[in-house]
Amino acid sequence: MKALVYNGSRDVSVDEVPDARLERPTDVLVRITTTNICGSDLHMYEGRTELEPGKILGHENLGVVTEAGSGVERIAVGDRVCLPFNIACGFCRNCESGMPSYCLTANPDPEMAGAAYGFVGMGPYSGGQAEYLRVPFADYNCLRLPEDAEDKEDDYVMVADVFPTGWHATRLAGLRPGESCVVYGAGPVGLMAAYSALLQGASQVMVVDRHPDRLRLVEEMGAIPVDDSKGDPVEQVHNLTEGRRADCGCECVGYHAHDHLGTEHPEMTMNKLVESVKFTGGIGVVGAFLPSDPGASDEMAQNGRIPFEMGTFWFQGQRIGTGQAPVKVYNRQLRDLIHHDRAKPSFIVSHDLPLEDAPDAYRHFDKREDGWTKVVLKP
Ligand code: NAD
Ligand code: ZN
């Protein structure tokens, strides 16, 4: 089969690789019809991680089941399914307590929790930027899609990651209807966090970034763009809220945060959030802060250490929630919002491309070039 393979820093290619196949009775095989490139793929693409060459990338996957193991009961050949980027068993202590993103079974490393397709440190699983994908614990990990799925694949595929991840950011932040929310980052995740806040009845949603194309999408969905190349975002948020600050905030950038001139400041969004959110407000951090970053320029970033203003944060009595989103916790409900035309997350899609164009798409998306917001691949 054809698949997008990681060869080394900023070097990926579409190659002929051995076919994905069932390995356990609880697996299904899925013919991938839609698969996305994610900001999370870029950490690996840029060579910032220790991903081994030869790995197939792709954790935002949707397709049709072509084969089911003898132990699979709920899912049948022919089902169109969306696959949460987390691979989980459904029965370990963490899955049972509602955190399948920290599954203790799916990651074979006893020191680790959590598994994903096509990811460094998240188990041996191949990604779905390929013609076929093996799905472990299929009864738990497949979300069956309704009849309108074929026409709405670009919406439903967002349920694999960025839509629930954005939604999770607002839940970690503790957003309540009628409250205001500030989001740092208008990439696909930040856009989905803002969209989720609006869907949940936020009164005022402000999104900080500097890319005109992404800020345009912020405005189009009914949120307020905050262009930090035009002035300190903290000051802009204070002005927009008449000095009250936002009730809560979402971090959707991660450790590769930089100023608008391009200099990296991994601590920047965290410290600006603390100052943009009211005393006692909640902050949801879904942007990735990785414990090791061999590609980072300084030792601090390599250890995932950042100069966080703990004193200000503590003094203001704020709360913080972090981590990989438990997609499964939200994905059925988000699927149903799409099915009933209450949500249309495909508004972030800028490119629908064949798998063959993936290497070129990675280059453009990695540079956050104007107009390259979200790439959807059709193997
Ligand atoms: P992206 O890189 O496309 O978007 C990041 C955006 O942040 C860019 O538009 C960039 O201009 C902006 N930005 C950079 N510095 C900024 C600053 N100082 N202030 C405001 N904006 C700034 O990536 P994405 O796909 O949207 O993903 C965002 C983050 O979320 C990544 O770190 C990704 O790994 C992570 N992620 C986490 C989960 C999870 O489960 N927690 C899931 C998916 C993605
Ligand atoms: Zn993703």
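1. Burial is used throughout this note in a fixed sense: a residue is buried under 20% relative accessible area, exposed over 50% and partly exposed in between, with a 1.4 Å probe and protein chains only. The model discussed here is predicted, so that local features need pLDDT of at least 70 and side-chain atom pairs count only at pLDDT 80 or more, while totals for chains, interfaces and linings use all residues. Residues are numbered from 1 along each chain as its sequence is written, chains are lettered from A and ligands numbered from 1 in the order in which they are written, and side-chain values use heavy atoms, with hydrogens and water left out.

2. The zinc ion (ligand 2) has as its protein donors C38 through SG, H59 through NE2, E60 through OE and D161 through OD, at 1.9 to 2.2 Å. Donors here are N, O and S atoms within 2.8 Å of the metal (3.2 Å for Na, K and Ca), and since water is not among the atoms, sites may look incomplete. Along the chain these donors follow the spacing C-x20-H-E-x100-D. Two of them, H59 and E60, are buried, because each has 0% relative accessibility.

3. The geometry of this zinc site is tetrahedral, with angles of 92 to 133° among the four donor atoms. Four donors count as tetrahedral if all angles lie between 85 and 135 degrees; four count as square planar and six as octahedral if opposite donors are over 155 degrees apart and all others between 65 and 115, and anything else is irregular. The ideal angle for four tetrahedral donors is 109.5 degrees.

4. The structure holds six aromatic pairs, one of which joins F163 and W167 edge-to-face, at 6.3 Å centre to centre and 75° between the planes. Rings of Phe, Tyr and Trp (its six-membered ring) pair if their centres lie within 6.5 Å, and planes under 30 degrees apart count as stacked, over 60 as edge-to-face and the rest as tilted. F163 and W167 are separated by about one helical turn because they are four residues apart in helix α5 (residues 162-173), helices (H or I, at least four residues) and strands (E, at least two) being DSSP runs numbered from the N terminus. F163 is buried at 0%, as is W167 at 14%, and ring pairs link both residues with Y195 and F347 into a cluster.

5. Backbone angles deserve a separate look, given that most residues other than glycine have a negative phi. T280, in strand β14 (residues 277-285), has a positive phi near 75° and is partly exposed, because its relative accessibility is 48%.
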